[in-house]
Amino acid sequence: MEERIKMENYAKQFNKRAEKVSFDKEHRHKILHNIEKYNVAFRKGREFYSDLELAKKRAGYYKYKVINDLGEYLIDFEAHFTAHGGKVIWALNANDALNHILEILKKRRATTVVKSKSMTTEEIGLNEVLEKNRIKAVETDLGEFIVQQAGEKPYHIVTPAMHKSKEDIVRLMNDKFELPPDSTPEEITLFVRGYLREQFLQADAGISGANFLIADLGAIALTENEGNALLSTSIPSLHIVVAGIEKIIPRMDDLDLFWPLLATHGTGQTMTVYNSIIFGPRQENENDGPTEVIVILLDNGRTRVLEKNRQRIALCCIRCGACLNACPVYKNIGGYVYDTTYTGPIGAVITPLMRGLEEYNHLSFASSLCGECTDVCPVKIPLHELLLFNRYEAVKKGHVESWWRYAMRMSRWLFLHRRLMDTGSPRLRQFLVDKFIVPLWGPRRILPKLAPKSFSKQWTDNLE
């Protein structure tokens, strides 16, 4: 009973937040404006491909092959990476990863770290834990830096400050750093650039995620547009990588497929500006780079997804964010309503599986099932189908609100008794629908009026 009350509260809070945000015209204007800018770039970027569908099929095949043999590829990655002098730590969950990171940083007496953009570190709540342990963490991606200064979480997988207008950012920078209230975007960018240069030079450690982990050579692939990840991972003497176990790709040669797909679907570019491949710590014949590189391979619920024969394909995701930009629900409610690290269609699929269907199954129901997310996915994940599998599993296990289960049982019973559906006058049937069905249908949805004659009656009349 206690679990059910908790689950229903999660769903009610989601609906409450969604109701409020959906009618916020200013918020909608900002997000639609920024998504439209992405759409223009994406339409232009995909023209680079002579056969985009073939590239997506190949990428999906390689990623799904890895997911089905994940243990083998992870062992290959560890063997090759440690051969280069790197170290690999396996973390079962977020607490495990955080404890390892704190142990490493305290051993080094680190007081400041610079971080490149990483959704995996957001997933484990790294910044908050570092702050509690008096370790300063500085986000170096411009969008991440903005939301960090605002005391917020990333709004979007790829564009963390998508919900903020130029005016919002100017006010923030004026408040935090006393920049002139008429500062231009260029002036703000230059200021942040100078500010971060000092942080790079002072930092005791750099922390990053990984876009891809390359199994055959034991390397980490990072892609970005600002160069901040490159500086975060090369200037400090210690580099810690926090990566989900699903980030593996088979070979170095596969980057010529995955990097352009990620760039095109993430930002509309044919290729991002900075692309780095990190093999491990500085070697004897090298003049720069970290002296220690540690990769933390994070499970944190991913093996629970792997156990699902149907839904495991969701682990193929390369975090491009294209499904968020295509989703009509995300366009209306934005990123914060989900109250999870991964939002939009991909978040609605993996979050309930990773964090528990009992509490998060409502996310899988927050979809129109239009299929746009599936169409744009660069690795051919059938997202709208996976949402249905999640819904089925949630209902089968009883992880849905009690009124919904009752309504479905009544509907099934009614639909199996045709005579009852045809009983009474059209006016009576419409009254019953308005009284009992419309409230369940939702206050913001319009249920069509019943036809004067039922389908069975029309069918019978036509036969006569």
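In the hairpin region of this predicted model, leucine 213 has isoleucine 220 of strand S6 as its bridge partner. Strand S5, which spans residues 212-214, is joined to S6 by three bridges, and the two strands run antiparallel. Four residues lie between the strands in the hairpin of S5 and S6, and within this hairpin glycine 218 adopts a positive phi near 65°. Strand S6 is also joined to strand S9 (residues 274-278), in this case through five bridges and again in an antiparallel arrangement. Isoleucine 220 takes part in this pairing as well, its bridge partner in S9 being isoleucine 278, so that this residue of S6 is bridged both to leucine 213 and to isoleucine 278 under the bridge assignment applied to the strands.

The covering of S6, which comprises residues 219-224, is reflected in the finding that six of its six residues are buried. The side chains are divided between two directions, with Ala219, Ala221 and Thr223 pointing one way from the strand, while Ile220, Leu222 and Glu224 point the other way, and all of these residues are buried.

With regard to charged contacts, the count of salt bridges comes to 20. One of the pairs is formed by glutamate 246 and arginine 319, whose side chains meet with an N to O distance of 3.3 Å. This pair links distant parts of the chain, given that glutamate 246 belongs to the loop between strand S7 (238-244) and strand S8 (248-249), whereas arginine 319 belongs to the loop between helix H13 (302-306) and helix H14 (322-326), the two residues being 73 residues apart. Both glutamate 246 and arginine 319 are buried.

A salt bridge is likewise found between the side chains of glutamate 36 and arginine 43, at 3.2 Å from N to O. Glutamate 36 counts as partly exposed because its relative accessibility is 38%, a value that lies between the limits of 20% for buried and 50% for exposed residues, and arginine 43, at 39% relative accessibility, is also partly exposed.

Lysine 453 and aspartate 461 form a further salt bridge, in which the closest N and O atoms are 3.0 Å apart. Lysine 453 is partly exposed, its relative accessible area being 43%, and aspartate 461, with a relative accessible area of 25%, is partly exposed too. Beyond these individual pairs, Glu26, Lys30, Asp168 and Arg171 are joined into one network by salt bridges that share partners.

Definitions and conventions: Residues are numbered from 1 along each chain as its sequence is written. This is a predicted model: local features need pLDDT of at least 70, side-chain atom pairs count only at pLDDT 80 or more; totals for chains, interfaces and linings use all residues. Side-chain values use heavy atoms; hydrogens and water are left out. Buried means under 20% relative accessible area, exposed over 50%, partly exposed in between (1.4 Å probe, protein chains only). A salt bridge is a side-chain nitrogen of Lys or Arg within 4 Å of a carboxyl oxygen of Asp or Glu.
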